[in-house]
Amino acid sequence: MDKLVNADEAARRLGVKPATLYSYVSRGVLTRRKADDGHSVFDAAEIDRLARRGRPRRPAGGTELVIESAVTMLGEDRHYYRGRDAIGLAAGWGLEQVAAWLWDGTAEGWAADPQGVAAARRAQEGLAPAVLPLERLQVIVTALAVADPMRFNLDPAAVALAGQGLIAGMVDALPGPGTGEQRPVHERLWRKLAAEGADPALADPLRFAMVLLADHELASSTLAARVAAAVRADPYAVVASGLGVTSGALHGGASLGVETMLAEIDEPGRASFAMGERLRRGERIPGFGHAVYRSGDARGEALLERVRSAVPGHPRLAVAEAVLDEARRRRLPAVSVDLPLGLLTHLAGMPRGAGEAIFAISRTTGWLAHAMEEYARPTRVRLRAAYTGPLQ
């Protein structure tokens, strides 16, 4: 490369906004590199070739919406919260610190409203024991909303305060021991979900996972949350919108597939058969490949290593390693963050669907950060359809 240019200059040469520039990176249209100071730089010749060729067309069958945001940037194999590497933050931060960073709020005093938690628990009394945790969260958020008459205050400080109580309430209202405790969110969630006798060393990988899952730019659930916020829906309604989309099989439910697959494999030698049966049924192997990180999801590798290090002698780790070995042998796509998340819940004996709940509670942080951006905008998000129906 003869010359490197920074992001501002690259966007200027292409005649696009910085958000569009980084969308080209996430789609593999442009190559982004890091300078010694950590800032993004681009090959000037590559930029000029793209400028001569014109703006890249959207891939067939895909729809892409670009919204300017300062919350999260997607890199080649990982994401960044307001410019800071999420994997690096996960080394020592909890969800509270990430929320404070994304919301410009505080990491202290996360407490749920006792009346709201009581209402959310009563609302679940008629639910069957087999109801998935994510489905319980949808009921819980609605009950917490009704119990908060001040939820329509959309000032940033008020939204941050509501978010603290909302996330704490989502955890405290789940079935299981412990309510109203002034402990880190991941510890409270561990007490709710982990089986009795689960290795407590896995609580730290849970913290690590929650930091990684706090946001991921304009994922489908986040777009839904932003659309709700754009019409000034209250923070609880924003989160309810995100939860509804998270329940989709192509979004937050990927870890559920991993949980199911691991539960079916009683010993390492059965890994190949279980994976093959999924392919026979026309299913994909869960936990591998990512729509954005085509060359590998560094989040998945980082969380996987965290789980391995926490319980190196766990007997069920051998099953997971057999799945990974078979995936490498068959040249499946690289591991995504969904596989170690499902593995974590499996090793901790958590109930079926726990990975979805961990995802949703963590991602509430990002949904509210994006909502704050929308609340500050004078105009709303308004998509347009390309009509393809009949004409009279």
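In this short talk I will go through two sheets, one helix with its surroundings, and two single residues of this structure.

Please keep in mind throughout that what we are looking at is a predicted model.

Let me begin with the sheet that involves the N-terminal strands. This is an open sheet of three strands, in the order β1-β3-β2, and the pairing is antiparallel. The edges are taken by β1, residues 4–6, and β2, residues 32–34, and because each of them has a single partner strand, one side of each is left without a neighbour in the sheet. If we ignore direction, neighbouring strands here are turned by 45° against each other on average. Looking at the pairing in detail, β1 is joined by three bridges to β3, which covers residues 40–43 and runs antiparallel to β1; within that pairing, Val5 has Phe42 of β3 as its bridge partner. Helix α1, residues 7–14, packs on this sheet, where it touches β1 and β3, and its direction makes about 95° with that of β1. A further helix, α3, made of residues 44–53, also lies across β1 and β3, and it runs at about 65° to β3.

The second sheet is again an open one, with three strands in the order β4-β5-β6 and antiparallel pairing. Its edge strands are β4, residues 72–74, and β6, residues 84–85, each of which pairs on one side only. Between β4 and β5, the latter being residues 79–81, there are three bridges, and the two strands run antiparallel; for Leu74, the bridge partner in β5 is His79.

Strand β5 brings us to helix α15, since β5 is among the elements that cover the buried residues of α15, a list that also includes α4 (86–90), α10 (203–212), α16 (317–329) and α17 (338–347). Which residues of α15 are buried? They are Ala298, Arg299, Gly300, Leu303, Leu304, Val307 and Ala310. As general background, an α-helix has 3.6 residues a turn, so residues three or four places apart point the same way. As for the length of α15, its 13 residues, 298–310, should span 18 Å at 1.5 Å a residue, and the C-alpha atoms at its ends are indeed 18 Å apart, which agrees.

How, then, does α15 sit against α17? The two helices pack at an angle of about 20°, and their axes are 9 Å apart, so α15 and α17 count as roughly parallel to each other. The crossing in which α15 passes α17 is left-handed. On the α15 side, Gly300, Leu303, Leu304 and Val307 take part, and they meet Pro340, Leu341, Leu343, Leu344 and Leu347 of α17.

I will finish with two single residues, taking Thr222 before Leu161.

Thr222 is found in helix α11, which spans residues 220–230. Is Thr222 buried or exposed? With a relative accessible area of 0%, Thr222 is buried. If we leave aside its neighbours within four places in sequence, Thr222 is in contact with Asp215, Glu217, Arg363, Trp367 and His370.

Leu161, in turn, lies in helix α8, residues 156–172. Leu161 has a relative accessible area of 58%, and because the cut-off for an exposed residue is over 50%, Leu161 is classed as exposed. Finally, Leu161 and Ala111 are 50 residues apart along the chain, and their C-alpha atoms are separated by 9.7 Å.

Terms used:
Residues numbered from 1 in each chain as written. Predicted model: local features only at pLDDT ≥ 70, side-chain atom pairs only at ≥ 80, totals over all residues. Heavy atoms only, no water. Pairing = 2+ DSSP bridges. Helix = DSSP H or I, 4+ residues; strand = E, 2+ residues; numbered from the N terminus. Expected span 1.5 Å × (residues − 1). Buried < 20%, exposed > 50% of the residue type's maximum accessible area, 1.4 Å probe, protein only. Contact = heavy atoms within 4.5 Å. Axes fitted to C-alpha atoms, helices over the stretch in contact; angles between N-to-C directions. Parallel < 35°, antiparallel > 145°, perpendicular 65-115°, else oblique. Left-handed = near helix turned anticlockwise from the far one by under 90°.
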